[in-house]
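User: I'd like to learn how to read a fold from its model. Could you walk me through it, one feature at a time?

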Amino acid sequence: MSAPNTLNVCLGHLPFPQTHERHIDLMIAPRLIAGPKRLALVEDSYFGPHGSALSEYVQLLWLLDKLQPLAAGRDYIRIFHYRRFVSPEAPPVGQRSSNLPWATAIRAADLDAFESSFSRVSPGELFNTPVQFHGGMLYQYAQSHVLEDMLNFARFLTETAVLSPLECAEFLSMQLHIPSCNIGIFTKASYAEIFGVLRRAASFLDSPHFVSRTGYQRRSVGFLLERLNSYLIIRRIRGGISQSSFGHNLVISDTAVVSGTQ
């Protein structure tokens, strides 16, 4: 058997199914939850009074800060959520989500069929299912969120040189998107590069362009970073830096109706 080369990291404000906690090397949560022995409690306040606007990127950027000691001796990092993961193979069970056609819904009892999705031996990177959105990223964002936030974010990205003007135009017009793109398998180098850019972009939270929202839109910066995250992965693939390796979007749900997506 090959030596383990992958650190399995689970994110969530709720625990992963306890029957399969063996898949978790490190759980990172914004609050104390029941779960595996190795739990990192990273509260939203890690990024100040508006940290909750970052959603799970609070925990993902904390992981960036601790990457080298936590992943010492490993080549890859597998990221999954308490109810969402990427399968390298077509799902043998489950049903297509009725409201998110790019996702397959399974029950916790089905997890035994997905052992390969949590292997500690990875042959390469693996990214989540890409989706084609007609009209570009700007149009897609306006359909579900506050358009002003994306426009303010774009202004911030160019003012701070996170993206060049042409890169930002490409980002806003991108028709390919990877939903839940922060889950999958990353090399340590790609994680450091992608999330290093996202760390700079997260400073939007402290800029005069940021507007605090309520309700569903309170996670606005998380929604924005997810789209930038997707763009950065696609740019790496098109530049030949990462392989074009996409898996299948799995969601643990009691029904085919899946809620809570960025």
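User: Let's start with charge. How many positive and negative side chains does the protein have, and how far apart do the centres of the two sets lie?

Analyst: Count each sign, then compare where the two sets are centred. In this predicted model there are 23 positive and 21 negative side chains, with their centres 1 Å apart.

User: And what about the surface they sit in? How much of the accessible surface belongs to carbon and sulfur atoms?

Analyst: The accessible surface is about 11,300 Å², and carbon and sulfur atoms account for 53% of that. Turning to the inside, 55% of the 262 residues are buried.

User: How do I read the overall build? How many helices and strands are there?

Analyst: Start with the elements, then check the dimensions. You've got 7 helices and 12 strands here. The radius of gyration is 18 Å, close to the 18 Å from the globule rule for 262 residues, so the protein is as compact as a globular protein of that length. As for extent, the C-alpha trace spans about 50 × 40 × 40 Å along its principal axes.

User: What share of the contacts comes from residues far apart in sequence, 24 or more positions?

Analyst: Among contacts with a separation of 6 or more, 75% are between residues 24 or more positions apart.

User: Now the sheet. What is the strand order, and which strands are at the edges?

Analyst: Follow the pairing from neighbour to neighbour. This open sheet of 6 strands runs E3-E2-E1-E4-E11-E8, with mixed pairing. The edges are E3 (39-41) and E8 (126-127), each of which pairs on one side only.

User: Which way do the neighbours of E4 run, parallel or antiparallel?

Analyst: Take each neighbour in turn. E1 (residues 6-11) is parallel to E4, joined by 6 bridges; one partner pair is cysteine 10 with phenylalanine 80. E11 (residues 184-187) is antiparallel to E4, with 4 bridges, and isoleucine 77 stands opposite phenylalanine 186 there. One step along from E1, 3 bridges link it in parallel to E2 (residues 26-29), where leucine 11 has isoleucine 28 as its bridge partner.

User: Why can E4 be called largely enclosed?

Analyst: Check burial residue by residue, with under 20% relative accessible area as the cut-off for buried. In E4 (residues 76-81), 6 of the 6 residues are buried, so the strand is largely enclosed by the rest of the structure.

User: Which residues cover each face of that strand?

Analyst: Think of it as which side chains point each way. Tyr76, Arg78 and Phe80 lie on one side of E4, Ile77, Ile79 and His81 on the other, and all are buried, so to speak of either face is to speak of a covered one.

How values were computed. Residues numbered from 1 in each chain as written. Predicted model: local features only at pLDDT ≥ 70, side-chain atom pairs only at ≥ 80, totals over all residues. Heavy atoms only, no water. Helix = DSSP H or I, 4+ residues; strand = E, 2+ residues; numbered from the N terminus. Rg over C-alpha atoms; globule rule 2.2 N^0.38 Å. Buried < 20%, exposed > 50% of the residue type's maximum accessible area, 1.4 Å probe, protein only. Contact = heavy atoms within 4.5 Å. Areas by Shrake-Rupley, 256 points an atom, 1.4 Å probe, with all protein chains shown as cover. Lys, Arg positive; Asp, Glu negative; His and termini not counted. Charge placed at Lys NZ, Arg CZ, Asp CG, Glu CD. Pairing = 2+ DSSP bridges.
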